[in-house]
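Student: I have a structure open on my screen and would like to talk it through with you. Could we begin with a pair of charged side chains and work outwards from there?

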Amino acid sequence: MSSFPSPDAARPVRDRLSILVFGRNLKRTLVRAVVLAVVCVVVLEFVVLPIRIEGISMEPTYADHSVNFINRLAYLGHAPQRGDVVGIRLAGYHVMYLKRIIGLPGETVAFVGGRVLINGGLLDEPYEKLPCDWNYGPVKLSPDEYFVVGDNRSMPVENHYFGRCERNRIVGKVLL
């Protein structure tokens with residue numbers, strides 16, 4: 001009498017493992033996998049856009065070298081709002097900035113002593129954590145322009161990209 005298990009004893013374990021991995025119907029599982037792959041490609045190509053943050057202009061809200069996603073469908077039903085963090089396409093498909101909208105179409109935006117004034121009134125910015133001493137403007141926005149700026153305004157004004165942004169350059173809103 002042998003003390004080794006018969007080859008048939010290992011078969012139920014193999015069968016259970018293959019059912020766990022491939023399901024009971026291999027053809028149906030493969031169809032589901034293909035559909036899932038197609039949906040993922042479509043979502044990543046047309047709905048969400050990954051963006052890698054380069055630079056410190058959005059700190060402390062978004063860290064340098066972090067990755068986030070832009071929702072391209074965010075503004076299908078409504079216009080961008082003040083306070084939204086958006087992806088802005090500048091040139092080509094892969095060049096994009098991440099900025100916060102502070103000025104809406106038709107408004108006048110100014111920085112006085114580091115504080116933002118919208119149409120002469122002080123803007124409450126709870127996301128603004130770092131000291132700022134900028135003086136800029138006033139700038140009157142046209143009906144299709146937004147005013148965008150990064151959250152890190154402790155940088156010198158000369159080293160910071162900000163200002164007018166046409167609506168057609170706004171790709172979408174940050175997801176996270």
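Tutor: Gladly; this is a predicted model, and a good place to begin is the salt bridge in which the side chains of arginine 164 and glutamate 145 meet, at 3.0 Å from N to O.

Student: Where do arginine 164 and glutamate 145 lie?

Tutor: Arginine 164 belongs to strand β10 and glutamate 145 to strand β9, so the pair ties together parts that are 19 residues apart in sequence.

Student: And arginine 164, is that buried or exposed?

Tutor: Neither label fits, because arginine 164 has 42% relative accessibility and counts as partly exposed, whereas glutamate 145, at 12%, counts as buried.

Student: What about arginine 100, which partner does that one have?

Tutor: Arginine 100 forms a salt bridge with aspartate 151, with the closest N and O atoms 2.8 Å apart. Arginine 100 sits in strand β4 and aspartate 151 in the loop between β9 and β10, so this pair ties together parts 51 residues apart in sequence. Both arginine 100 and aspartate 151 are buried.

Student: How many salt bridges are there in the whole structure?

Tutor: A search of the whole structure finds 7. Among them is the one between glutamate 107 and arginine 82, at 2.7 Å from N to O. Glutamate 107 lies in the loop between β4 and β5 and arginine 82 in the loop between β2 and β3, so parts 25 residues apart in sequence are tied together. There is also a network of salt bridges that links Glu125, Glu128 and Arg153.

Student: Changing topic, what is the order of the strands in the open sheet?

Tutor: The open sheet has 7 strands in the order β1-β2-β11-β3-β4-β9-β10, with antiparallel pairing. Strands β1 (48-52) and β10 (163-166) stand at the edges with a single partner strand each, so one side of each is left without a neighbour in the sheet. From one strand to the next, the twist averages 50 degrees.

Student: So how many bridges join β2 to β11?

Tutor: These antiparallel strands, residues 67-71 and 170-174, are joined by 2 bridges, and isoleucine 70 stands opposite valine 174 in β11.

Student: Which helix lies across β1 and β2?

Tutor: That is helix α2, residues 26-47, which runs at about 65 degrees to β1. The protein chain has 2 helices and 11 strands, and along the sequence its pattern places α-α ahead of the β elements.

Student: Last one: how much of the chain counts as buried?

Tutor: Of its 176 residues, 34% count as buried, while the chain exposes about 11,100 Å², of which carbon and sulfur atoms supply 62%.

Methods:
Residues are numbered from 1 along each chain as its sequence is written. This is a predicted model: local features need pLDDT of at least 70, side-chain atom pairs count only at pLDDT 80 or more; totals for chains, interfaces and linings use all residues. Side-chain values use heavy atoms; hydrogens and water are left out. Two strands pair if DSSP finds at least two bridges between them. Helices (H or I, at least four residues) and strands (E, at least two) are DSSP runs, numbered from the N terminus. Axes are lines fitted to C-alpha atoms, for helices over the stretch in contact, and angles run from 0 to 180 degrees between N-to-C directions. Contact means heavy atoms within 4.5 Å. Buried means under 20% relative accessible area, exposed over 50%, partly exposed in between (1.4 Å probe, protein chains only). Accessible areas come from the Shrake-Rupley method with a 1.4 Å probe; for residues, only the protein chains shown count as cover. A salt bridge is a side-chain nitrogen of Lys or Arg within 4 Å of a carboxyl oxygen of Asp or Glu.
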